[in-house]
Amino acid sequence: MEYRNLGNTDMQVSVLSFGASSLGGLFHEVNLEDCVETVRKALDGGINFIDVSPAYGETLAEVNLGRALDGIPRDRYYLATKMGAYSEAKGDYDYSADRTARSLHESLKRLGVDYVDLVQCHDIEFADPDQIVEETLPTLQRLKKEGLTRFIGITGLPLKVFPNILERVDRGVVDTILSFCHYELNDDSLADLIPYLQGKGVGIINASPTGMGLLTTRGVPAWHPAGKTIVDGCRKAVDYCTEKGVDIVKLAVQYSCSHSDIPTTLVSTARPKNILDNIAFVKEPMDQHLLSEVLDVLKPIHNFNFTRGRSENRDPIRNS
């Protein structure tokens, strides 16, 4: 496993990291035994960064992750959680100072740890930017001083939310950003933001190398925000790989982990075999000829996007 610096933090993170959303049963029903085995195999395979949120399965992911980490030395992994988003289905978002503090304390209890390495404002496209700058981040700074977290981050789908916040806070207030669905085979628009983020000293966490199902044979779940053009365009790439007898997920994971300036990419599963497969993928060289062919198939929808959140936080839509 390769390891890279996460921005200006002291964390040397594995290029492939573990997203624990699946432990909350977001994609299929889960059992504790599989959750525990998946996490342990991830750690044994060299993954050292784990990301979770109370929103995943309405705290179930944190509960299952805490059980999986029980008895594992704390210095074997970096642990990140989030606050602010608690249930997308119910529209439960709360970035207030009181809820922020309570959320972190509750997460620590569920996870069975005294501190997290990183706490992140989750899905800030659903927040008032003024509140994030004037209330949420100062609260997290206080919790940091109390030793409950070592670093602070922000996450979101629209790329514009990151500079919108970073331009309004002092350097070092935000240590990381987590972006998803913007560095994958069909959409590499996050790359345009890398020089800016590096200039701010902010570490980059990438997530959803398959675009939340776009680049899988299973396809997208019903709740997926992508439009038909993107879904159909990605399906062509999936079918192309299937016809050639290759796994597009392997290529997708390898591609997302290949950018040297993106320290880590999150993958999520609650199945032990899947995490072992993903670990094997990043240890193998990428088929450059196949990559070129698949990018050519995806070219008609390159960087087509989807967005969400409050109107002032949404990215402009590109679909042509």
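Which residues touch the most other members of the largest nonpolar core? They're L65, L137 and L185, in a core of 102 residues. By nonpolar core I mean buried Ala, Val, Leu, Ile, Met, Phe, Trp, Tyr and Cys residues joined through side-chain atoms within 4.5 Å. Buried is under 20% relative accessible area, exposed is over 50%, and partly exposed is in between, with a 1.4 Å probe and protein chains only.

Some housekeeping. This is a predicted model, where local features need pLDDT of at least 70 and side-chain atom pairs count only at pLDDT 80 or more, while totals for chains, interfaces and linings use all residues. Residues are numbered from 1 along each chain as its sequence is written, and side-chain values use heavy atoms, with hydrogens and water left out.

Okay, back to L65. If we set aside neighbours within four places in sequence, L65 contacts A20, L23, V39, I50, V52, L79 and L111; contact here means heavy atoms within 4.5 Å.

L111 brings us to helix 3, residues 97-111. Helices (H or I, at least four residues) and strands (E, at least two) are DSSP runs, numbered from the N terminus. The expected span of a helix is 1.5 Å times one less than its number of residues, so the 15 residues of helix 3 should cover 21 Å, and the end C-alpha atoms are indeed 21 Å apart. Its buried residues are R99, T100, A101, S103, L104, S107, L108 and L111. They pack against helix 2, strand 5, strand 6, strand 8 and helix 4. Just after the helix, G112 has a positive phi of about 75°.

R99 turns up again, over the face of Y86, 4.2 Å from the ring centre. There's also R74, with its charged end over the ring of Y115 at 4.3 Å from the centre. The cut-off for that: NZ of Lys or CZ of Arg within 6 Å of the ring centre and within 35 degrees of the ring normal.

How many aromatic pairs are there? Two. Rings of Phe, Tyr and Trp (its six-membered ring) pair if their centres lie within 6.5 Å; planes under 30 degrees apart are stacked, over 60 edge-to-face, and the rest tilted. Y93 and F126 have ring centres 4.4 Å apart and planes at 15°, so that pair is stacked. Y93 sits in strand 7 and F126 in the loop between strand 8 and helix 4, 33 residues apart. F126 is partly exposed, at 24% relative accessibility. Then we have Y183 and Y255, also a stacked pair, at 5.1 Å centre to centre and 0° between the planes. Y183 is in the loop between strand 10 and helix 6, and Y255 is in helix 8, so this pair ties together parts 72 residues apart in sequence. Both tyrosines, Y183 and Y255, are buried.

Now, cysteines. The structure has zero disulfides, taking one as a pair of cysteine sulfur atoms within 2.5 Å. For C234, the nearest cysteine sulfur is that of C181, 9.8 Å away. For C241, the nearest is that of C234, at 11 Å. C234 is buried at 0% relative accessible area, and C241 is buried at 0% too.

Last stop, I230 in helix 7, residues 228-243. I230 counts as buried because its relative accessibility is 5%. Beyond its neighbours within four places in sequence, I230 touches N186, L214, I301, F304, N305 and F306. The C-alpha atoms of I230 and V246 are 21 Å apart, with these positions 16 residues apart along the chain.
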